[in-house]
Amino acid sequence: MPNYTNNLKLEKPLQSENYNIDIFNSNADKIDTAIQEVKGKVDGLELTAERVSIADSTNKFEATNVEDALLENKTSILNLQSELGTNKSILEANINAIREVL
């Protein structure tokens, strides 16, 4: 009596049995079918940043996924750039005013 694999139930003839090409072919068909099932599931799989959740133990983000966290950072960076531009203009104006006094 042969043994069988746990998952695909492939037949494993015993050492004392003669090799049977039909068993080999049956096992090959089971493997091929199993691979096609997995391939079918993977082919349509699409991973986007929106679908990837984030673990934020420091509560730095309101977002719960990577895409929204990136958007939060982008907004913060744009705000900092704007603030820097404003501060740069004020600083330049102050330097020019000091130069005029000197």
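Student: How far apart are the end C-alpha atoms of helix 1, and what span should its 23 residues give?
Tutor: Keep in mind that we're looking at a predicted model. Counting 1.5 Å a residue, the 23 residues of helix 1 should span 33 Å. The end C-alpha atoms agree with that, being 32 Å apart.

Student: What sits at the start of helix 1, reaching the backbone nitrogen of D22?
Tutor: Helix 1 covers residues 21-43. At its start, the backbone nitrogen of D22 has a polar partner within 2.8 Å, and that partner is a side-chain oxygen of N20.

Student: Which residues of helix 1 are buried?
Tutor: Buried here means under 20% relative accessible area. What covers the buried residues of helix 1 includes strand 2. The residues in question are I23, N27 and A34.

Student: Why does N27 count as buried?
Tutor: N27 belongs to helix 1. The cut-off for buried is under 20% relative accessible area. N27 makes it because its relative accessible area is 13%.

Student: And which backbone oxygen does the side chain of N27 reach?
Tutor: Leaving out residues up to four places away in sequence, N27 touches L10 and E11. The side chain of N27 comes to 2.8 Å from a backbone oxygen, and that oxygen belongs to E11.

Student: Is I35, also in helix 1, buried or exposed?
Tutor: Over 50% relative accessible area counts as exposed. I35 has 52%, so the label is exposed.

Student: Which residues join I35 in a nonpolar surface patch, and how much accessible area do they have together?
Tutor: The partners of I35 in this patch are L8 and I31. As a general point, residues three or four places apart in an α-helix point the same way, because there are 3.6 residues a turn. Taken together, L8, I31 and I35 have an accessible area of about 240 Å².

Student: What's the phi of K9?
Tutor: K9 lies in the loop between strand 1 (3-4) and strand 2 (11-12). With 45% relative accessibility, K9 is partly exposed. Its phi is positive although K9 isn't a glycine, with a value near 55°.

Student: Which residues does Y4 touch, if we skip those up to four places away in sequence?
Tutor: Y4 is part of strand 1. At 43% relative accessibility, Y4 is partly exposed. Its contacts are K9, L10, E11 and K12.

Student: How far is Y4 from T58, C-alpha to C-alpha?
Tutor: Along the chain, Y4 and T58 are 54 residues apart. In space, their C-alpha atoms are separated by 50 Å.

Student: What about L71 and S57: what separates their C-alpha atoms?
Tutor: L71 is found in helix 2, residues 66-101. Its relative accessible area is 46%, so L71 is partly exposed. S57 is 14 residues from L71 along the chain, and the separation of their C-alpha atoms is 19 Å.

Conventions: Residues are numbered from 1 along each chain as its sequence is written. This is a predicted model: local features need pLDDT of at least 70, side-chain atom pairs count only at pLDDT 80 or more; totals for chains, interfaces and linings use all residues. Side-chain values use heavy atoms; hydrogens and water are left out. Patches are made of residues with over 30% relative accessible area and no salt bridge: like charges are joined within 9 Å, nonpolar side chains (Val, Leu, Ile, Met, Phe, Trp, Tyr) within 5 Å. Accessible areas come from the Shrake-Rupley method with a 1.4 Å probe; for residues, only the protein chains shown count as cover. A salt bridge is a side-chain nitrogen of Lys or Arg within 4 Å of a carboxyl oxygen of Asp or Glu. Helices (H or I, at least four residues) and strands (E, at least two) are DSSP runs, numbered from the N terminus. Buried means under 20% relative accessible area, exposed over 50%, partly exposed in between (1.4 Å probe, protein chains only). The expected span of a helix is 1.5 Å times one less than its number of residues. Contact means heavy atoms within 4.5 Å. A polar contact is a pair of N or O atoms within 3.5 Å; within protein, one must be able to donate a hydrogen and the other to accept it, and residues adjacent in sequence count only if both atoms are side-chain atoms.
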